[in-house]
Amino acid sequence: MNGKLKFVPENYKISDLVKDLKISLKKVAIELNQEIMDKKKISKITLKKDDKMEIVHFIGGG
Amino acid sequence: MKNDKIVIANKKFNSRLIVGTGKYKSMTECAKAIKFSGAEIVTVAVRRVNIIDKKKPLLMDYVDPKKITYLPNTAGCFTSEEALRTLRLAREIGGWKLVKLEVLGDKKNLFPDMIETLKSTEVLAKEGFKVMVYCSDDPLMAKRLENSGADAIMPLAAPIGSGLGIQNKTNIEIIRNQTKLPLIIDAGLGQASDATIAMELGCDGVLVNTAIAKAKKPYDMALAFKNAVIAGRHSFLAGRINKYLYGNASSPKTGIIK
C-alpha cells in the first residue's frame, strides 16, 4: 500500500482499511491494481494477496 | 472594468491571478498568502496519503475547496500515462474536472514534453476534463493544443521556479493574437512587474507559485502580484501609446515667456 508492505487479516475489505487508518473518504481517491475504485463500493471489495493499492490526496503544489 | 472577468471552461472568475500552493513554510502561511493574493483558483498536487504520520496537516483543512477552486496538476509526471492516471485520481477525489496538465520532458530545465502533452490533452478532452495546459511558448504547438480540445493555453515565461520572467515576448504576443482561449502565463515569473508585463502583452492571467512562496515576505509579494496583475490588465485595456524615437513635449509650445 502506497509503496509499502502491509499485512491485513483475512476477509478484509477496502472500507475496513479506510476505517482503520482513519482516512476521510471525501479527501482521497483509491486505486487498486491501477484501477480507480468507486468509493461507494469499497465495502464490497475484499483485499487479496499481492494487491497493489494507492491512496492519494491533494497536497501543496505549483 | 467592473465586469472584466476571466472565463475558464464557462466559469467566471474575478481574479486573474492563479497561485500555486507548493513550497510554503507551512499550510498556515500558504492559506494566508492565498488570501493576500486574492486568487480564486489554486493549483494542487496529487500525492500518496502519509499513512504513517497521520497528524501531518492537510491542505483541505486550511484551504477550503468550497471557497477556492482547486486546480489539480500533474507536476512530476514525465509521461502521458502518468499524467492521465494522476488526473483520473484527482477527479475521483471529489469530481474535479478542471485540471492543469503538465508533462515534463527534462528533469533539469523542467521544460514540457509537448508530444506527450498533446497526446494527453486529446485523451483528457475526450474524457470530459476541462484541461488547462502548461506548454512551451511555441505558437504552432499552442495552436495544436487548441485544436486538441484544450480549455486554456498556459505557456511558460521561463523554466519553472527560475524567476527569470518572460523570455520571449514576441511568441507570447503571437499566441495571444491567434487564440481566443484563455492565455495564462505559467511558470518562471520572479517579481510582480513580470506579471504586469504578461498582462500588458494581452494575457488573460498569470500563474505564480515560487515567486510568492519563496519571497522574503510572501504576504507582501502575494499582494504585490495581485496589484501587478490588476495594473497590467488595466494598462492593456487602456491601450498604450505608440512608441517614438524622439522627444515629444507634453506642455504647449505656445505662450512661453520670453
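**Exercise 1. Describe how helix H7 (residues 192-200) of chain B and H9(B) pack in this predicted model.**

*Solution.* Start with the geometry: the axes of H7(B) and H9(B) lie 7 Å apart, at an angle of about 25 degrees. Next, put that angle into a class. Angles under 35 degrees count as roughly parallel, and H7(B) and H9(B) are therefore roughly parallel to each other. Then look at the hand, which is right-handed for this crossing.

Now find the residues that touch. From H7(B) come B:Ala192, B:Ser193, B:Ala195, B:Thr196, B:Ile197, B:Ala198, B:Met199 and B:Glu200. H9(B) answers with residues including B:Ala224, B:Phe225, B:Ala228, B:Val229 and B:Phe236. Sorted by class, the contact of H7(B) with H9(B) holds 11 nonpolar, 4 polar and 2 charged residues.

**Exercise 2. Which residues join helix H1 (residues 27-37) of chain B to helix H9 (residues 218-238) of chain B, and how do the axes run?**

*Solution.* Begin again with the axes: those of H1(B) and H9(B) come within 7 Å and cross at roughly 30 degrees. That makes H1(B) roughly parallel to H9(B). The crossing is right-handed.

On to the residues. H1(B) offers B:Glu29, B:Lys32, B:Ala33, B:Phe36 and B:Ser37, while H9(B) brings B:Pro218, B:Tyr219, B:Ala222, B:Leu223, B:Phe225 and B:Lys226. The class count for H1(B) with H9(B) is 7 nonpolar, 1 polar and 3 charged residues.

**Exercise 3. Step back to chain B: how many helices and strands does chain B have, and how compact is chain B?**

*Solution.* Count the elements: chain B has 9 helices and 10 strands. Then compare sizes: the radius of gyration of chain B is 20 Å, close to the 18 Å from the globule rule for 258 residues, so chain B is as compact as a globular protein of that length. Along the principal axes, the C-alpha atoms of chain B fill a box of roughly 85 × 40 × 35 Å.

Two further figures complete the view. Buried residues account for 45% of the 258 residues in chain B. Of the contacts in chain B between residues at least 6 apart in sequence, 63% join residues at least 24 apart.

**Exercise 4. Which element gives the most to the side of chain A that touches chain B?**

*Solution.* First, set out both sides: the contact draws 20 residues from chain A and 28 residues from chain B. Second, list the elements of chain A that give two or more residues: strand E1 (29-32) and strand E3 (53-60). Third, pick the leader: E3(A) gives the most, with 7 residues. Finally, classify this side of chain A: 10 nonpolar, 5 polar and 5 charged residues.

Notes:
Residues numbered from 1 in each chain as written. Chains lettered and ligands numbered in written order. Predicted model: local features only at pLDDT ≥ 70, side-chain atom pairs only at ≥ 80, totals over all residues. Helix = DSSP H or I, 4+ residues; strand = E, 2+ residues; numbered from the N terminus. Rg over C-alpha atoms; globule rule 2.2 N^0.38 Å. Buried ≥ 20, exposed ≤ 12 C-beta atoms within 10 Å, placed from the backbone. Contact = placed C-beta atoms within 7 Å. Axes fitted to C-alpha atoms, helices over the stretch in contact; angles between N-to-C directions. Parallel < 35°, antiparallel > 145°, perpendicular 65-115°, else oblique. Left-handed = near helix turned anticlockwise from the far one by under 90°. Nonpolar A, V, L, I, M, F, W, Y, C, P; charged D, E, K, R; others polar.
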